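Good morning, and thank you for making time for this short presentation. I would ask you to keep the sequence and the structure in view while I speak.

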Amino acid sequence: MNTIECINTRRSIRRFTEEPVSNDTMTKIIEAAAMAPSWKNTQITRYIVVEDKEIKEKIAAEATNDFNAATIRSAAAVVAVTVVKKRCGYERDGSFSTVKGDSWQMFDAGVASQTFCLAAHEYGIGSVIMGIFDYDKVAAMLEVPEEQEMVALISIGHPAETPQPPKRKTVEDLLKYK
Ligand SMILES: Cc1cc2nc3c(=O)[nH]c(=O)nc-3n(C[C@H](O)[C@H](O)[C@H](O)COP(=O)(O)O)c2cc1C
């Protein structure tokens, strides 16, 4: 699959088969995600792969809505995306580099997450990024260290659906030249 085909055919997948994602495939996905660009190459994004059925069920039952709970229950694994705080967007003396402060860490986590999802797609693994959940509850369940911040969950597994792409805005809507 070439890059444009991978970008265009990736879909958010919310129904999965029971087949697990092998450690080998997971390693290859993270190797690709590690190649994502980041603020001053700070590489602050981290991944916690939750395969344990009890923890997965606890997240589904106690920390999100019914819609995301169904996705999490179906997924072979849920990947918690976290960032190491106080690096991205900062100067060495601890001051912010720009008026955007530390919001660059969310930017970097987004870049890394999309790279993760595209790599997963290349390896035949479906994924969906999920932002609607209780960050503090999930951070506590997964014992995310104090110096890291919970950003997103990505449900992954072998796809059991082939959704149509949701409608996109046109290039005319999106692009301006000056
Ligand atoms: C930051 C972010 C948060 C999202 N949160 C959720 C979510 O909580 N639950 C969900 O089912 N999908 C979630 N999505 C997936 C979007 O709904 C999906 O990307 C969008 O509808 C376009 O569909 P596509 O990914 O198949 O192209 C999220 C996507 C992003 C980028």
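Let me begin with the term strand: helices and strands here are DSSP runs, with at least four residues for a helix and at least two for a strand, numbered from the N terminus. Please also bear in mind that this is a predicted model.

I turn to the ligand. Which element gives the largest share of the shell around the ligand? That share comes from β3, with three residues. Both α4, residues 66-74, and β3, residues 126-130, supply at least two residues of the shell. The full set around the ligand consists of Arg11, Ser12, Arg14, Asn68, Thr71, Val128, Ile129, Met130, Gly131, Ile132, Pro165 and Pro166. Sorted by class, the shell has six nonpolar residues, four polar ones and two charged ones.

Next, the sheet. Four strands make up an open sheet, in the order β1-β2-β4-β3, and their pairing is antiparallel. At the edges are β1, residues 45-50, and β3, each of which pairs on one side only. On average, neighbouring strands of this sheet are turned by 25° against each other, direction ignored. The helix α4 packs on the sheet, where α4 touches β2, β3 and β4. The direction of α4 makes about 145° with that of β3.

Let us go through the pairings. β1 and β2 are antiparallel and pair over six bridges; Val49 has Val79 as its bridge partner in β2. Between β2 and β4, also antiparallel, there are eight bridges, and the bridge partner of Val78 in β4 is Ser155. β3 and β4 run antiparallel and are joined by five bridges. Gly126 stands opposite Gly157 in β4, and Met130 has Leu153 as its bridge partner in β4. Met130 is also one of the residues around the ligand.

How covered are these strands? In β2, seven of the eight residues are buried, and the strand is mostly covered. β3 is likewise mostly covered, with four of its five residues buried.

That brings me to the interior. In general terms, nonpolar side chains tend to be buried together in soluble globular proteins. In this model, the largest nonpolar core has 40 residues, and those with the most contacts inside it are Val78, Ile154 and Ile156. At least two residues of this core come from each of α2 (23-33), α3 (53-62), β2 (77-84), α5 (104-122), β3 and β4 (148-157). The largest share, eight residues, is supplied by α5.

Ile154 deserves a look of its own. Leaving aside residues up to four places away in sequence, Ile154 touches Val79, Val81, Ser113, Phe116, Cys117, Ser127, Val128, Ile129 and Met130. Of these contacts, Val128, Ile129 and Met130 are also among the residues around the ligand.

Val79 lies in strand β2. Is Val79 buried or exposed? A residue counts as buried if 20 or more other C-beta atoms lie within 10 Å of its own. Val79 has 26 other C-beta atoms within 10 Å, and is therefore buried. With residues up to four places away in sequence not counted, Val79 touches Tyr47, Ile48, Val49, Leu153, Ile154 and Ile156. Val79 and Gln114, 35 residues apart in sequence, are 13 Å apart in space from C-alpha to C-alpha.

Asn8 offers a contrasting example. This residue is found in helix α1, residues 3-9. Asn8 is exposed because it has 11 other C-beta atoms within 10 Å, and the limit for an exposed residue is 12 or fewer. Asn8 and Leu118 are 110 residues apart in sequence, and their C-alpha atoms are 9.8 Å apart in space.

I close with the backbone. Most residues other than glycine have a negative phi. Lys40, although not a glycine, has a positive phi of about 45°. Its place is in the loop between α2 and β1, and Lys40 counts as partly exposed, with 13 C-beta neighbours inside 10 Å. Lys86 is found in the loop between β2 and α5. The phi of Lys86 is near 65°, again a positive value in a residue other than glycine. Lys86 is partly exposed, with 13 other C-beta atoms within 10 Å.

Thank you for your attention.

Notes
Residues numbered from 1 in each chain as written. Predicted model: local features only at pLDDT ≥ 70, side-chain atom pairs only at ≥ 80, totals over all residues. Near = placed C-beta within 6 Å. Nonpolar A, V, L, I, M, F, W, Y, C, P; charged D, E, K, R; others polar. Core = buried A, V, L, I, M, F, W, Y, C linked by C-beta atoms within 7 Å. Contact = placed C-beta atoms within 7 Å. Pairing = 2+ DSSP bridges. Axes fitted to C-alpha atoms, helices over the stretch in contact; angles between N-to-C directions.
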